[in-house]
Amino acid sequence: MKTNTISKLNETIIKDYPRMHQDDKFVFECHPGVSCFNKCCNDVNIFLTPYDIIRLKNRLGITSSEFLDKYTLLPIDENLRHPIVMLRMNDDNMNCPFVTEKGCSVYEDRPWSCRMYPVGVASPNEAAQSDGNEFYFLLKEEVCKGFEKGTEWTIQSWMENQGVEEYNYYGDLFKEISLHEKLLKLKAIEPVKLEMFYMVCYDIDKFREFLFESSFFKRFDIDNEKKEKMRTDDLELLKFGLEWLRFSLFGEKTIKVREEYLQPV
Ligand code: SF4
Ligand code: SF4
């Protein structure tokens, strides 16, 4: 897996890519008539966010566990503080499993990074390696002819056009965990906590089973209405799961323990 490539790309972005902000402009057009149509959906590193996985597994009508087994890879890198999930390209031709002759077969639910392309975002963590300000940049892949002519966009109008608002909302909630100062300071997370992180963030149907088929609700005081929503609503469950991670990984008081289960201090 190309984790070296990923860190090298991050270093290059920090050093060499021109920094852009929301009002900066660029010209770009992508449609089935371009000579490079579909070429960018081959041999590409696509990180999946928790929200991406929920959109895709629901689109495909399968569980999160089935989705993770069939469509993802877990790159291993000692520099990673937590598990990350990548879309697995087909073994035979390295195409994305969702690309067809007519284009993306999951277009309405395509991942955040597919929506954002050609715009990339340096995370606060990456930006902190220079002046600390978050910035955007253009990823001009050699194969991509989309820059030759077309509509003039600002970064902001591109993001609106690509419908990333909800993706960004859940992405920001996820970053509160993945970029949490306590997590960044840790040398390693205990295996049991890593498993919890993976289940909450990526395997949401398994997390639901864990909550509803264990003594969880006996031990923690969760509002009934919220609990009932979580039975069927993946996004409600994800929001709760991220609060649970703040409690279980960082000791924040985001979840109330029932009195009878409180440990005497
Ligand atoms: S999910 Fe769709 S847009 Fe993204 S790489 Fe696959 S086919 Fe292309
Ligand atoms: S390579 Fe660029 S222009 Fe061509 S299909 Fe992909 S995003 Fe569109």
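Which residue in S4 is the bridge partner of leucine 48? In this predicted model, local features need pLDDT of at least 70 and side-chain atom pairs pLDDT 80 or more, while totals for chains, interfaces and linings use all residues. Residues are numbered from 1 along each chain as its sequence is written, and chains are lettered from A and ligands numbered from 1 in the order in which they are written.

The partner of leucine 48 is valine 85. Strands here are DSSP runs of E, at least two residues long, and helices are runs of H or I of at least four, both numbered from the N terminus. S2 and S4 (residues 85–87) are antiparallel and share two bridges; pairing requires at least two bridges found by DSSP. The open antiparallel sheet has three strands in the order S2-S4-S3, with S2 (47–48) and S3 (72–73) as the edge strands.

Turning to the interior, the largest nonpolar core has 33 residues, and Ile53, Val200, Leu237 and Leu245 touch the most other members. Such a core is a set of buried Ala, Val, Leu, Ile, Met, Phe, Trp, Tyr and Cys residues joined through C-beta atoms within 7 Å, where buried means 20 or more other C-beta atoms within 10 Å, with C-beta atoms placed from the backbone. Helix H13 (234–250) gives the most to this core, six residues. Because domain 1 (3–177) and domain 2 (187–261) both give residues to this core, it lies between them; the domain bounds come from an automatic or database assignment. Another core, apart from this one, has 12 residues, including Trp153 and Met159.
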